Amino acid sequence: MPNWMSNALEYALDFSNVLNASISASWLILIVIALRLVMKQAPKWVNVALWGIVALRLMMPFSIESSFSLIPSAQTVSDQLMQAETVAGQQSAYLDIVSNPAYGGSVSVELDTTISAFQWELVDVTFLWLAGMAVMVLYTVVTYWRLRRKVDTAVILRDNIFQSERVTSPFVLGILRPRIYLPFQMLGQDLAYVIAHEQAHIRRKDHWWKPLGFLLLTIYWFNPLMWMAYILLCRDIELA
């Protein structure tokens, strides 16, 4: 594995980094929610663009610090927590090295293995975080598989538009080759409006932004504000 890839993987699996990004992005989420209330008359695509700023912060491995920044601190979990006192009952480790017989005896080297209480708890929390992500991924796979089975019998109407008797509401499915699925009972003018609505979703690349939003929710599932942000993002996408 290339060094940059292993470094990126090591960074991603360090929960302290994820926690820092989550807390920092929480301030942005609160700001966006406040702006949504202030700018009610603004075009709805502006709200979607604001959520894009939150997404960028969640995907960036660093923060831009400034005295004019709206975010209080770029590093919300300080190094002092990571360097606190040793966990009670923990002892320093020793490494026994068998030396060259010509020099006689063996050498014991004391290793610095002190770990803060916060770091020790972080190990347990990391496993919980990974388990939560696994549940979210399993939910996504099962939901997608069930949806694919539901539209297996869909018949083509025209182009990338399909109809199915097993579909109760229109939706777009697919990322690289998005398809529009409609229920059979839609006819006439309603059908034209619904198709135009779903085609607008595809033009705006909403079939990319929603999965991206859910991917970030899968990573930051432990943050309640992330759930609120995802719900509001989906609502703003529909209104846009």
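**View 1. Helix α3 passes helix α8 in a left-handed crossing.** In this predicted model, the two helices are α3, residues 44–59, and α8, residues 224–239. They pack at an angle of about 145 degrees, and their axes lie 9 Å apart. On the α3 side, the contact is made by Lys44, Asn47, Val48, Trp51 and Leu58. On the α8 side, look for Met226, Ala229, Leu232, Leu233, Asp236, Ile237 and Leu239. What kinds of residue make up this contact? Nine of them are nonpolar, one is polar and two are charged.

**View 2. A nonpolar core of 31 residues, the largest in the model, has Met226 among its best-connected members.** Ile29, Trp51, Val54, Leu58, Tyr220 and Met226 are the residues that touch the most other members of this core. The elements that each give two or more residues to the core are α2 (15–38), α3, α5 (117–150), α7 (206–219) and α8. Which helix gives the most? That is α2, with nine residues. Now zoom in on Met226: leaving out residues up to four places away in sequence, Met226 touches Ile29, Leu58, Leu216, Leu217 and Tyr220. There is also a second, separate core of eight residues, and Ile161, Ile180, Met186 and Leu191 are included in that one.

**View 3. Four strands form an open sheet in the order β3-β4-β6-β5.** The pairing in this sheet is mixed. As a reminder, strands of a sheet pair through backbone hydrogen bonds, either parallel or antiparallel. Which strands sit at the edges? They are β3 and β5 (171–173), and each of these pairs on one side only. From one strand to the next, the twist averages 40 degrees. Helix α6, residues 188–203, packs on the sheet and touches β3, β4, β5 and β6. The direction of α6 makes about 155 degrees with that of β6.

**View 4. Strand β4 has a partner strand in β3 and another in β6.** Start with β3 (residues 155–158), which pairs with β4 in the antiparallel sense over three bridges. Two residue pairs help you find your way here: Arg158 stands opposite Ile161 in β4, and Ile156 has Phe162 of β4 as its bridge partner. Next, follow β4 to β6 (residues 179–183): these two strands run parallel and are joined by four bridges. One place to look is Gln163, whose bridge partner in β6 is Leu182. Are the faces of β4 covered or open? Both are covered, with Ile161 and Gln163 buried on one side and Phe162 and Ser164 buried on the other.

**View 5. Asp159 sits in the loop between β3 and β4.** The two strands form a hairpin, with two residues between them. Asp159, in the turn, has a positive phi of about 50 degrees, although Asp159 is not a glycine. Is Asp159 buried or exposed? Asp159 has a relative accessible area of 65%, which is over the 50% cut-off, so this residue counts as exposed.

**View 6. Lys205 lies in the loop between α6 and α7.** Here is another residue with a positive phi: the value for Lys205 is about 60 degrees, and Lys205 is not a glycine either. At 34% relative accessibility, Lys205 counts as partly exposed, because this value falls between the 20% and 50% cut-offs.

**View 7. Trp209 is found in helix α7.** Which residues does Trp209 contact, leaving aside its neighbours within four places in sequence? They are Arg204, Leu233 and Ile237. Leu233 and Ile237 may look familiar, as they are also among the α8 residues that contact α3. Trp209 has a relative accessible area of 40%, so this residue is partly exposed. Between Trp209 and Ile175 there is a separation of 34 residues in sequence, while their C-alpha atoms are 9.8 Å apart in space.

**View 8. The protein as a whole has eight helices and six strands.** Reading along the sequence, you meet them in the pattern α-α-α-α-β-β-α-β-β-β-β-α-α-α. Of its 240 residues, 32% count as buried. Among the contacts with a separation of 6 or more, 57% are between residues 24 or more positions apart.

How values were computed. Residues are numbered from 1 along each chain as its sequence is written. This is a predicted model: local features need pLDDT of at least 70, side-chain atom pairs count only at pLDDT 80 or more; totals for chains, interfaces and linings use all residues. Side-chain values use heavy atoms; hydrogens and water are left out. Axes are lines fitted to C-alpha atoms, for helices over the stretch in contact, and angles run from 0 to 180 degrees between N-to-C directions. A crossing is left-handed if the near helix is turned anticlockwise from the far one by less than a right angle, and right-handed if clockwise. Contact means heavy atoms within 4.5 Å. Ala, Val, Leu, Ile, Met, Phe, Trp, Tyr, Cys and Pro count as nonpolar, Asp, Glu, Lys and Arg as charged, and the others, Gly among them, as polar. Buried means under 20% relative accessible area, exposed over 50%, partly exposed in between (1.4 Å probe, protein chains only). Two strands pair if DSSP finds at least two bridges between them. A nonpolar core is a set of buried Ala, Val, Leu, Ile, Met, Phe, Trp, Tyr and Cys residues joined through side-chain atoms within 4.5 Å.
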